Structure formats: structure tokens, C-alpha cells
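Subject: Structure handover

Hello,

Here is the structure I said I would pass on. Please look through it first; my notes on what was found follow below.

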Amino acid sequence: MNYLKRIALPIMTGVSILALSVSAQARDFKLGLITPVPHIWTQEAQNFADELNQKSNGEHVVKVFPSRQLGNEAQMVQQMQTGALDMAFLTIAELSNRVPEFGALYAPYLVDNIDEAAALLKSDTALGLLNTLPQHTGLIGVGYGMAGMRQMLSRDPIRVPADLDGKKTRITPFEPIRDFYNAIGAAPTPLPLPAVYDALANGQVDAIDMDFDSILILKFYERANNLLISNHMMFPMVGVVSGRVWKDLSKADRVLIKETMKSHLDKVIDRFQGQEQGLETKLRSLDVVVTESTKGQVSDAITEWEKTWAPKAPSLGALRKTAAELRTQ
Ligand code: BEZ
């Protein structure tokens, strides 16, 4: 063996052993999210963890941290940017605070109902927005989930959205929804999900912006029993992986994680879509006064909202076009 071969062989063997051990290296991942244990997001995060563990023959373990155990979403994004947190299911709310383009997904009446929301979030137009995430946030966007359509729940009777005029109305802390409630004359009050029940109970807020599922599982109807079914907005979620963690994963692991997580994000969408009608029926069977509102009742607010957001979120036009196309299919 000549000299070159004598030193090259051990080096190459070392490299291939290293390469093998990187792709086969067992990993303990952490996945954070803000929703409580019974929420569908948390259930599917755990189902993703279980399936990834099984598909990797026990190699990959994902520990799920629900209920803001790792902090709020802003803190979780920071942790993912440093690589301290591996993965998260985040509301688009937090992303839209960092990347205004995502505000387009919160355009009032971008979709008319949950079926349209599901189809739009699975469309190439919506998924294409995720390509901008690594550059703007250092996160890899795997796909969307969602919660139910947004409704208005009030302590006092409300017949139309304008009845919230001057009322302290809880919103998830993000700008597109704040601008919508400002435009209808309400006093938007940003509060994270875990603070909502007490805020309704102690009168800190008069009304809340919420979905059927959370109203039921977190029992908000006990504290406010006037429901205005407005379906004014969809509520997307995104599954993300830290870019720092991603770059150290083997190609095979990236594919495995992406495909497995995406299938559970799709399940989140399907489950919300499948249960929405039943949840409405359930709420109607409780001690809740239900009224329905229309898009026309907030047309001025929509115009005002678009004036602010169309320049900040240029993909709004393409999303509206895709939503219209899906509606006619
Ligand atoms: C909310 O802030 O209203 C919310 C957040 C996550 C899931 C459902 C609702």
C-alpha cells in the first residue's frame, strides 16, 4: 500500500463511520406549544412524537411540552433560533408579528367557512409562504394546522358585531386581529389563551374572540353565554423545526421528520373540519344564546383592514384568488 492509500483509508473509514453515526444518531427532541393537554394540537403533537419514535425504531424521542411550559410563543421562537428548542406548533399569530406577510392569512372573510379554510391551508399558494420562513425567522416551516373559525362570545347580549362598540374584547396578541376589532369599534384587549377564563370571570374583558372548540373545552360559555357566529377569520397554526437543529440532521431524518409531522398537521386540519358542525350543535344545546352575523355587517371594517394590510402582505391577492377558485370547485 502506498503512503497516500495508507493514510487515506483510515481517514475515509473514519468519515464513513462518522457519516453513518450522524444519520443513525439517536436524538431527543423537544416540541413546545401553548395549547392545553386536551386540545387537538397537543394530541396530534403527541401522535407525531409516537409515530416518529416508532418509524425510527425508537431512535428519535420527541418530548411534548404543552400549555406554555416552555414559555409563550415569542419565547419559544427565540429558543428555536438559538437551537435550545427543536420544534413547535405555533399560531400564525406569532409569525405574523415577525413576518407581516403572514398577516394575509388573517384577512377577514378570506374564507367563508371551515371547509374553505382547510382547502386554502393545504393549497400551494398558502404553503408557498412557508418558503420565506428560514430567511426571516431561522425556522423551517413544515406545514399548517388550524383551529376552528373565529367567533365572538360576549357576557352581554350581542346581535351584530357593531354591538361590541367600545367593549373590551379579548384577542389573541397579534396585529391583524387587533386591526379588525379596532375597525369595528371594539376595544381589543390582547390576552394569551390561558388568561381568558379568569379575565371573563373577573370582568377584565366583556367579550372574547374565540373558536367553538376552545369555547367548549375551556368552558368559556360558563362565563359568557352570548355567542355571535360570525366565522370572520380562520386561525392557522404552523409546525416548525429550528433551522439550527435542521442543518445538523441527516437527509433521511429530515424527510422522516417532515413527512411525519406534515401528516399530523393535516390530521389537525381534518379533525377541526370534521368536528366544527357538531361543536356548533353542542353549543346550541347549552345555555347559550346564539345569533348569526354576516360579512356585509362588517364590510366597512374589511375595507379599512385591507387598506392597512394589503401593502404589508402582498400575497393577500393571490390567497383571495386561490380561495375563490377553491370555492367554485
Ligand atoms: C387563541 O389564542 O384564541 C387560541 C390559541 C391557540 C389555539 C386556539 C385558540
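**The pocket**

Helix α4 gives the largest share of the lining of the largest pocket, three residues. Please keep in mind that this is a predicted model. The volume of that largest pocket is about 320 Å³. Its lining consists of 24 residues, and those nearest the centre are Ile34, Glu73, Thr91, Thr172 and Pro173. Two elements, α3 and α4 (92-98), give two or more residues to the lining of the largest pocket.

**The five-stranded sheet**

Strands of a sheet pair through backbone hydrogen bonds, in a parallel or an antiparallel sense. Here, five strands make an open sheet with mixed pairing, in the order β2-β1-β3-β10-β4. Which strands stand at the edges of it? They are β2 (60-65) and β4; each has a single partner strand, so one side of each has no neighbour in the sheet. On average, neighbouring strands of this sheet are turned by 20 degrees against each other, direction ignored.

Within the sheet, β3 (residues 87-91) pairs with β10 (residues 235-242) in the antiparallel sense, over five bridges. Leu90 has Val238 in β10 as its bridge partner.

Two helices can be placed against these strands. Helix α2 (residues 40-55) packs on the sheet and touches β1 (27-32), β2, β3, β4 and β10. The direction of α2 makes about 165 degrees with that of β2. Helix α3 (residues 73-82) lies across β1, β3, β4 and β10, and runs at about 145 degrees to β3. Helix α3 is also one of the elements that give two or more residues to the pocket lining.

**Salt bridges**

Side chains of opposite charge can pair when their charged atoms come close. The count for this model is 19 salt bridges. A few of them are described here.

Arg150 and Asp209 form a salt bridge through their side chains, at 2.6 Å from N to O. This pair links distant parts of the chain, with the two positions 59 residues apart: Arg150 is in the loop between β4 (139-147) and β5 (151-154), and Asp209 is in strand β8 (residues 207-210). Are these two residues buried or exposed? Arg150 counts as buried because its relative accessibility is 2%, under the 20% cut-off. Asp209, at 0% relative accessibility, is buried as well.

Lys312 and Glu175 also meet in a salt bridge, at 3.9 Å from N to O. This pair too links distant parts of the chain, 137 residues apart: Lys312 belongs to helix α13 (residues 299-312) and Glu175 to helix α8 (residues 175-183). Lys312 is partly exposed, with a relative accessible area of 35%, and Glu175 is partly exposed at 29%.

In the salt bridge between Asp163 and Arg159, the closest N and O atoms are 3.9 Å apart. Asp163 is partly exposed, at a relative accessible area of 25%, whereas Arg159 counts as exposed at 56% relative accessibility.

Finally, a network of salt bridges links Asp112, Glu116 and Arg327.

**Helix α8**

Helix α8, which holds Glu175, has a set of buried residues: Pro176, Ile177, Asp179, Phe180 and Tyr181. What covers them? The cover includes α4, β5, β6 (168-171), β7 (187-190), β8 and α13. Of these, β8 holds Asp209, and α13 holds Lys312, the salt-bridge partner of Glu175. Just after α8 comes Gly185, with a positive phi of about 95 degrees.

**Positive phi outside glycine**

Most residues other than glycine have a negative phi. Which residues have a positive phi although they are not glycine? Two to look at are Asn57, at about 55 degrees, and Arg68, at about 60 degrees.

Asn57 lies in the loop between α2 and β2. At 73% relative accessibility, Asn57 counts as exposed. Arg68 lies in the loop between β2 and α3. With a relative accessibility of 30%, Arg68 is partly exposed.

Regards

Terms used: Residues are numbered from 1 along each chain as its sequence is written. This is a predicted model: local features need pLDDT of at least 70, side-chain atom pairs count only at pLDDT 80 or more; totals for chains, interfaces and linings use all residues. Side-chain values use heavy atoms; hydrogens and water are left out. A salt bridge is a side-chain nitrogen of Lys or Arg within 4 Å of a carboxyl oxygen of Asp or Glu. Helices (H or I, at least four residues) and strands (E, at least two) are DSSP runs, numbered from the N terminus. Buried means under 20% relative accessible area, exposed over 50%, partly exposed in between (1.4 Å probe, protein chains only). Two strands pair if DSSP finds at least two bridges between them. Axes are lines fitted to C-alpha atoms, for helices over the stretch in contact, and angles run from 0 to 180 degrees between N-to-C directions. Contact means heavy atoms within 4.5 Å. On a 1 Å grid over the protein atoms alone, a cavity is a set of points where a 1.4 Å probe fits but cannot get out, and a pocket is an open set with protein on both sides within 12 Å along at least five of seven lines; lining residues have an atom within 4 Å of a point. Grid points are joined across faces, edges and corners, and a volume is the space filled by probe spheres set on the points.
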